[in-house]
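Here are some exercises to help you find your way around a new structure. Try each task before you read its solution.

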Amino acid sequence: MKQLEAAAQEVADLKNADNELAMLRARRRALASELFSIVETQISTLEDASSTLAKGNLADQPDFDELETAVWQAFDLPHMRAARIEGLVNRVRDADDKGAKWQEIQDEALKLLKWKEGAPEEKEEPPSTPLLDEALGSDFMKRLYESISTESVSVLLRAILRPRVNVYHMRDGEPIEFRKASQGEQAATLLNILMNQSHGPLIVDQPEEDLDNKIINEIVKTIRNTKDERQLILATHNANIAVNGDSENVIEMVLGRQVSGGAIDEGDVRSAITEIMEGGKEAFELRRKKYNF
């Protein structure tokens, strides 16, 4: 009787575990769907966040990296050709409802695991797994019957399709792939995104690197708009950033030691900016005369 009671409890626990797994999988699918919505909402803010220097959208195809890794780990049997694994992934890639197709593959693997781990009297013919049968072939399916495990199926159940984002830099109103933009264009976009956020102080070391002065003037506009919302600390050798950015406290550093500091209208600070950033008053005047300003 004690053995029967223990067995009955074990059966009840297993049924509860099966129901709990179904609920957890449903919750995971809901979270995966929510992830796409969150990313889509965030990417819609990119244009404003970058001061119109960039745009973005969700790619038509999601990110399959996690799924591919899981399929390889779960079905990488001895002498398995890569084409068979890729064929299984392509069934998801080519499906209209990619999430549903991926769930079908997970379901088939889970059915195989339950069949393998089931009571001996329940082990008759293997369950129907048309997707796996077609992709892997009969010989490899026989090997899979023996090798499939809780660990391999767990890898499949954890893997999800993730959103993939296309980001474009706007060059003279025309979008170009962000990775094909120049270093200066990329830097200007990222600086604007950083400065347009409102979370805590921002420290940037020489933001003028890789940027020409035309782009720096656009960054300066963002600095002026941002500095009232958050603290900006910039290390720079560019006079436009310090002066036109309306810096409220300029600190001259020499070999790690503060030499002068304060507002721009203070004499020693103004002198330091003139000598270090402008090359001296004479150089500044010479450039002005050559420009005929």
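Which residues does Lys281 touch, not counting residues up to four places away in sequence? Keep that in mind while we cover two ground rules. This is a predicted model, where local features need pLDDT of at least 70 and side-chain atom pairs count only at pLDDT 80 or more, while totals for chains, interfaces and linings use all residues. Residues are numbered from 1 along each chain as its sequence is written, and side-chain values use heavy atoms, with hydrogens and water left out.

**Exercise 1. Place Lys281 and list its contacts.**

Step 1: Find the element. Lys281 sits in helix α13 (residues 281–291); helices (H or I, at least four residues) and strands (E, at least two) are DSSP runs, numbered from the N terminus.

Step 2: List the partners. Lys281 touches Thr274 and Glu275, once residues up to four places away in sequence are set aside. Contact here means heavy atoms within 4.5 Å.

Step 3: Check the accessibility. Lys281 is exposed, at a relative accessible area of 60%. The cut-offs are under 20% relative accessible area for buried, over 50% for exposed, and partly exposed in between (1.4 Å probe, protein chains only).

Step 4: Look further away. His79 is 202 residues from Lys281 along the chain, and their C-alpha atoms are separated by 76 Å.

**Exercise 2. Work out whether the chain as a whole is spread out or a compact globule.**

Step 1: Count the elements. The protein chain has 13 helices and seven strands.

Step 2: Compare with the rule. The radius of gyration of the protein chain is 31 Å, well over the 19 Å that the globule rule gives for 293 residues, so the chain is more spread out than a compact globule. This radius is taken over C-alpha atoms, and the rule is 2.2 Å times the number of residues to the power 0.38.

Step 3: Picture the box. Along the principal axes, the C-alpha atoms fill roughly 100 × 45 × 35 Å.

Step 4: Add burial and contacts. Of the 293 residues, 32% count as buried. Take the contacts between residues at least 6 apart in sequence: 62% of them join residues at least 24 apart.

**Exercise 3. Compare the spans of α1 and α4 with their expected values, then find what covers their buried residues.**

Step 1: Start with α1. Helix α1 (residues 2–43) has 42 residues and reaches 60 Å from its first C-alpha to its last, close to the expected 62 Å. The expected span is 1.5 Å times one less than the number of residues.

Step 2: Find the buried residues of α1. They are Arg25, Ala32, Val39 and Ile43. Their cover includes α2 (46–49), β1 (54–58), α5, α8 (150–158) and β2 (165–171).

Step 3: Pick a residue of α1 to contrast. Glu5 is in helix α1 and is exposed, with a relative accessible area of 53%. Glu5 lies 89 Å from Glu278, C-alpha to C-alpha, with their positions 273 residues apart in sequence.

Step 4: Do the same for α4. Helix α4 (residues 82–93) has twelve residues and reaches 16 Å, close to the 16 Å expected. Its buried residues are Ile85, Gly87, Leu88, Val89 and Val92, and what covers them includes α3 (65–75), α5 (98–117) and α6 (130–136).

Step 5: Recall a bit of helix geometry. An α-helix has 3.6 residues a turn, so residues three or four places apart point the same way.

**Exercise 4. Walk from strand β4 into the loop after it.**

Step 1: Begin at Leu202, which is found in strand β4 (residues 202–205). Leu202 counts as buried at 10% relative accessibility.

Step 2: Name its partners. Leaving aside neighbours within four places in sequence, Leu202 is in contact with Leu194, Met195, Arg230, Gln231, Leu232 and Ile233.

Step 3: Move on to Gln206, in the loop between β4 and α10 (213–226). Gln206 is partly exposed at 24% relative accessibility, and its phi is near 50 degrees, a positive value in a residue other than glycine.

Step 4: Finish at Asp210, placed in the loop between β4 and α10. Asp210 touches Gln183 and Gly184, not counting residues up to four places away in sequence.
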